[in-house]
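The exercises below are meant to be worked through with the sequence and the model side by side. Each task is followed by a solution that proceeds step by step.

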Amino acid sequence: MEKIVFCNCAWMENYKGVTDEDIPQRNGKKIKDVDDVQESFNFFPHNHFCYGYLPNYPEVLPLERVENVGGNEEVIHGVTVVWMANRKIVGWYENADMFRRAQKFSDDFFSRQKHFHWIYNFKTEESNAYLIPVHRRNFKIPPKAKSEIENKNIWYADSEYAEKIFIPEVLSYLELIRKKCLPFYLTAEDFKVDTDMFKDLTYSQLEDIGEELESRENFVDALKIYNSMVEKTSDANELRELNYIRAELYEEIIFYDEAIDLYKKIINDYSGTVKLDNLSSESYWQLAIIYGKLNRDNEAEAAWTAIVERDDNFRSKVGALLCLMEIYEKKEDWKKMREAVALYDTWEDDENFYKKDVDHYRKILQEKIFSE
């Protein structure tokens with residue numbers, strides 16, 4: 001049997017964040033307090049995934065109503081999630097993960113939308129998410145299904161009527177509308193450029209064009225230019241600097257996997273001593289930040305540790321050490337936190353610039369000792 005759930009959300013055109021042109025609506029009326037409409041990002045790709053927020057979600061979603069699993073299972077896979085608004089289907093996820101408890105991660109990108117955490121109940125690859133254009137949202141929920149769905153934020157469609165009649169009708173509709181859905185995410189093809197167009201331009205001229213596009217925050221077109229420059233240089237240092245620019249731009253459009261690969265390449269292509277050069281240090285720093293956003297704490301820890309052990313810049317070392325202490329607090333690894341505080345005490349912080357921050361973790365350790 002198809003694993004499928006139906007979720008009610010606010011009506012929007014694009015679900016890529018609230019804008020002046022795309023304000024969430026319920027029952028045909030604009031929502032005044034849009035800060036709480038976190039489903040506004042349900043079709044916004046974040047590092048090649050879409051994260052679905054269920055409004056007014058309960059503390060626990062009963063996964064066993066969707067799949068025959070035990071109460072200890074925290075996630076099930078392969079779920080079809082149908083998003084509805086104003087009694088119409090607006091889009092859907094295929095092969096989605098469904099979580100028993102709401103998940104979250106932090107990304108400073110969302111501070112622009114007054115959100116500091118991304119909360120989600122469902123997750124799927126961007127290629128498995130389908131957003132129906134407004135003018136094609138013509139599947140209206142029939143009266144019998146409406147009576148079962150109405151006033152519910154999530155409907156498990158496990159009634160006899162739903163299983164025998166409604167779900168087959170919905171699946172047939174989704175298959176018909178699939179090819180008419182909006183292409184809402186970028187692919188590798190979007191970053192390619194006609195090389196013949198720029199074949200007569202020098203590396204320096206292309207660099208000027210890229211910088212101009214970047215200053216206008218036209219990051220995709222800037223990436224096209226910078227990507228085309230890779231084959232125009234054989235200088236190792238120049239290529240590392242170019243890759244750093246490309247990595248930063250991929251970060252801007254939340255293509256974190258691509259940025260990670262480039263930062264790693266910059267580090268691996270460094271032929272110097274054990275000590276880091278500036279570009280390697282900055283690459284480790286950016287890697288650690290990205291890993292933190294993706295909740296990949298072990299990899300973030302390794303990147304911060306590399307800076308602490310191999311960077312000669314004092315402020316960089318202490319900044320990385322403080323980030324390690326934050327990870328140790330999250331993991332409740334008090335042994336490593338004690339070692340980090342002890343390491344700081346061996347360094348000369350003449351201006352006591354970081355003493356207050358380190359003392360914060362020193363106090364946490366003291367409170368931990370007293371509580372045991």
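**Exercise 1.** Decide whether Trp-118 is buried or exposed in this predicted model, and describe how its ring is placed against that of Phe-105.

*Solution.* Begin with accessibility: a residue counts as buried when its relative accessible area is under 20%, and Trp-118, at 4%, is therefore buried. The same cut-off is then applied to Phe-105, which at 6% relative accessibility counts as buried. Next, turn to the two rings, whose centres lie 5.4 Å apart and whose planes stand at 35 degrees, so the pair is classed as tilted. Finally, locate the partners along the chain: Phe-105 belongs to strand 6 and Trp-118 to strand 7, with their positions 13 residues apart in the numbering, so that the pair links distant parts of the chain.

**Exercise 2.** Classify the ring pair formed by Tyr-244 and Tyr-263, and state where each partner is found.

*Solution.* The ring centres are 5.6 Å apart and the planes meet at 65 degrees; because planes over 60 degrees apart count as edge-to-face, this pair is edge-to-face. As for location, Tyr-244 sits in helix 5 (residues 236–252) and Tyr-263 in helix 6 (residues 256–268), the two being 19 residues apart. Tyr-244 has a relative accessibility of 11% and counts as buried, and Tyr-263, at 0%, counts as buried as well. To set these pairs in context, a search of the whole structure finds 32 aromatic pairs, and one aromatic cluster is formed by Phe-41, Phe-44, Phe-49, Tyr-51, Phe-99, Phe-105, Trp-118 and Tyr-120.

**Exercise 3.** Work out which strands pair with strand 6 and in what sense they run.

*Solution.* Start with strand 5 (residues 75–85), which is joined to strand 6 (residues 88–106) by eight bridges in an antiparallel arrangement; within this pairing, Val-75 has Phe-99 as its bridge partner. The two strands form a hairpin with two residues between them, and there Asn-86 takes a positive phi near 50 degrees. Continue with strand 7, which runs antiparallel to strand 6 and is joined to it by six bridges, with Met-98 standing opposite Phe-122. Strand 8 completes the solution, since it pairs with strand 6 in the antiparallel sense over three bridges, and Trp-92 stands opposite Tyr-130 there.

**Exercise 4.** Find which residues touch the most other members of the largest nonpolar core, and which helix gives the most to it.

*Solution.* This core has 66 residues, of which Tyr-250, Tyr-263, Trp-304, Leu-321 and Met-325 touch the most other members. Helix 9 (residues 314–331) gives the most to the core, with eight residues. Apart from this core lies another, of 28 residues, among them Cys-7, Val-69, Val-81 and Tyr-156. Looking more closely at Tyr-250, and leaving aside its neighbours within four places in sequence, one finds contacts with Phe-191, Leu-223, Asn-227, Phe-255, Glu-258, Ala-259 and Leu-262.

**Exercise 5.** Determine where Glu-126 lies and which side chain of opposite charge is nearest to it.

*Solution.* Glu-126 is placed in the loop between strand 7 (117–125) and strand 8 (129–131). Although buried, Glu-126 has no salt bridge, and the nearest side chain of opposite charge, that of Lys-16, is 8.9 Å away. Not counting residues up to four places away in sequence, the residues that Glu-126 touches are Pro-45, His-48, Phe-49, Cys-50, Phe-184, Tyr-185 and Leu-186.

**Exercise 6.** Describe the salt bridge between Glu-301 and Lys-336, together with the exposure of each partner.

*Solution.* The side chains of Glu-301 and Lys-336 meet in a salt bridge, with 2.9 Å from N to O. This pair links distant parts of the chain, since Glu-301 lies in helix 8 and Lys-336 in helix 10 (residues 334–345), 35 residues apart. Glu-301, at 10% relative accessibility, counts as buried, whereas Lys-336, at 33%, counts as partly exposed. Elsewhere, salt bridges that share partners join Asp-345, Lys-355, Asp-359 and Arg-362 into one network.

Technical notes. Residues numbered from 1 in each chain as written. Predicted model: local features only at pLDDT ≥ 70, side-chain atom pairs only at ≥ 80, totals over all residues. Heavy atoms only, no water. Helix = DSSP H or I, 4+ residues; strand = E, 2+ residues; numbered from the N terminus. Buried < 20%, exposed > 50% of the residue type's maximum accessible area, 1.4 Å probe, protein only. Lys, Arg positive; Asp, Glu negative; His and termini not counted. Salt bridge = Lys/Arg side-chain N within 4 Å of Asp/Glu carboxyl O. Contact = heavy atoms within 4.5 Å. Core = buried A, V, L, I, M, F, W, Y, C linked by side-chain atoms within 4.5 Å. Pairing = 2+ DSSP bridges. Phe/Tyr/Trp six-rings, centres within 6.5 Å; stacked < 30°, edge-to-face > 60°.
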